Each structure stands twice: as structure tokens, then as C-alpha cells.
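Colleague: I've got this model open and would like a close look at one part of it, the main sheet. Take me through it strand by strand, and then show me what the side chains around it are doing.

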Amino acid sequence: INMFEFIENIPQIPEELLLYDIDQITKNQNKFGYKEAYVTYSTYDVSPELYDFLNPYFNGNIQIRYQIIRNQLPIHIDAHAKDISHVFNYALLLGGENVKTRWWKMPKEKQLAFLPNIHHDICMGDDQDEDQLLQEVIIPLKQWHKLRIDVPHDISKLNSPRIGITLWQTT
């Protein structure tokens with residue numbers, strides 16, 4: 001299973017449509033519904049202009065958000081993965097040098113999904129055995145790519161906030 005692939009048919013986003021300032025992005029309401037995770041992970045609507053720029057490249061209904069990752073994430077499956085297997089991402093700030101996105105082979109009881117009132121063991125990627133690693137990639141800046149989100153994944157250590165655009169199709 002390929003966890004990552006570059007998408008060539010979506011153009012780079014014009015700079016005038018992008019925000020890099022966390023204070024400016026976070027003026028809007030956080031759309032990520034799991035409150036305990038807010039200090040680590042949050043998402044925010046993009047501008048109507050950015051939405052209108054990207055909408056023609058996708059079929060059907062899409063959600064487009066800024067995503068801000070401030071701290072190390074545990075290995076997880078995205079909460080909306082019950083409906084979709086992948087998202088399209090576009091990195092604006094990488095969060096440090098050589099930050100890796102990693103996919104893991106994890107037992108079911110350790111597959112954290114950020115859903116309210118469901119307890120799971122928190123597993124950090126840096127604590128796992130190498131033989132559990134399925135794939136890893138260093139994602140480049142400003143290049144559209146497709147990521148599997150229904151397979152347990154994380155990112156390696158951040159030195160600063162990671163900011164990007166995340167987009168997925170809804171039914």
C-alpha cells in the first residue's frame with residue numbers, strides 16, 4: 001500500500017492567498033472537534049478566495065483547512081478516516097529539519113483515533129521498534145501530496161509549529 005504520493009495536476013497556491021502567521025490563522029474558530037488535542041493540533045477554515053482557487057481541481061464536496069501542529073503527535077488514525085482513506089496536503093512550514101511523516105503497523109487497541117470518550121493507549125513513534133515502521137517520508141514544502149490517514153501514522157519531532165493546508169472530499 002502506498003501511503004504517500006505527489007499530486008502533479010494541482011498547481012501551487014499563489015502566495016497572496018496564503019497565511020503563515022499563526023495568530024492570523026487562529027482568529028477563526030478551531031474546527032477540530034477534540035478539545036484535549038487543541039494545544040497540539042488544530043484546524044481552521046481557509047479564505048473563500050483560497051477555497052475558490054482549489055475547488056475546480058476536485059470532484060464533489062471538499063473541506064479545506066489550515067492545519068497547525070504545535071507539538072509531537074501520538075501515532076493515530078485521523079478521526080474522519082471512517083469515511084475517507086486519504087487527504088491532500090500542502091506544507092507551508094515544516095516544523096523543523098528532516099521532520100518525517102511515518103506510518104506504523106500497530107495492534108488495534110493501540111490505534112488511537114481522536115474521538116471523544118474513547119480511551120486508547122497513547123503510543124509515540126519514537127518509542128516504537130523499527131520493525132513496526134511501514135513507511136516514512138520527508139514531505140517537501142509547497143508540493144501537493146496525498147496521504148493515507150486510515151493507517152496509523154505520526155510525524156517525528158518538531159522544533160517549531162508545522163503549518164499546512166489539508167483538503168479532503170466529503171460525500
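In what order do the six strands of the open sheet run, and is the pairing parallel or antiparallel?

Modeller: Before anything else, this is a predicted model: local features need pLDDT of at least 70 and side-chain atom pairs count only at pLDDT 80 or more, while totals for chains, interfaces and linings use all residues. Residues are numbered from 1 along each chain as its sequence is written, and side-chain values use heavy atoms, with hydrogens and water left out.

Now your sheet. The order is β1-β9-β5-β11-β3-β2, with antiparallel pairing. Strands here are DSSP runs of E of at least two residues, and helices are runs of H or I of at least four, both numbered from the N terminus; two strands pair if DSSP finds at least two bridges between them. The edges belong to β1 (4–6) and β2 (41–45), and each has a single partner strand, so one side of each is left without a neighbour in the sheet. From one strand to the next the twist averages 30°, with axes taken as lines fitted to C-alpha atoms (for helices over the stretch in contact) and angles running from 0 to 180 degrees between N-to-C directions.

To place that sheet in the chain: there are two helices and eleven strands in total, and from the N terminus the elements go β-α-β-α-β-β-β-β-β-β-β-β-β. Contacts (heavy atoms within 4.5 Å) reach a long way along the sequence: of those with a separation of 6 or more, 85% are between residues 24 or more positions apart.

Start at the β1 edge. Its partner is β9 (residues 145–148), running antiparallel and joined to β1 by three bridges. E5 sits opposite K146 in β9. The loops leading off these strands meet as well: K142 and E15 make a side-chain salt bridge, 2.8 Å from N to O. K142 is in the loop between β8 (133–138) and β9 and E15 in the loop between β1 and α1 (22–25), so this pair links distant parts of the chain, 127 residues apart. A salt bridge means a side-chain nitrogen of Lys or Arg within 4 Å of a carboxyl oxygen of Asp or Glu, and the count by that rule is five. K142 is partly exposed at 22% relative accessible area, and E15 is partly exposed at 40%. On this scale, buried is under 20%, exposed is over 50% and partly exposed is in between (1.4 Å probe, protein chains only).

Moving inward, have a look at N89, which is in strand β5 (residues 86–93). N89 is buried, with a relative accessible area of 8%. Its side chain makes a polar contact with the T166 side chain at 2.7 Å. Polar contact here means N or O atoms within 3.5 Å; within protein, one must be able to donate a hydrogen and the other to accept it, and residues adjacent in sequence count only if both atoms are side-chain atoms. Leaving out residues up to four places away in sequence, N89 touches Q67, Q143, W144, H145, L147, I165, T166 and L167.

Then the other edge. β2 and β3 pair in the antiparallel sense over five bridges, and Y41 has I69 in β3 as its bridge partner. Although β2 is an edge strand, it is mostly covered, with four of its five residues buried. There's a salt bridge here too: D45 and R65, with the closest N and O atoms 3.4 Å apart. Since D45 lies in β2 and R65 in β3 (residues 61–69), the pair ties together parts that are 20 residues apart in sequence. D45 is partly exposed at 33% relative accessibility, while R65 is buried at 12%.

One more salt bridge, on strands outside that six-strand order: K100 and E136, whose closest N and O atoms are 3.7 Å apart. K100 belongs to β6 (residues 100–104) and E136 to β8, so here the tie is between parts 36 residues apart in sequence. Both are partly exposed, K100 at 29% and E136 at 37%.
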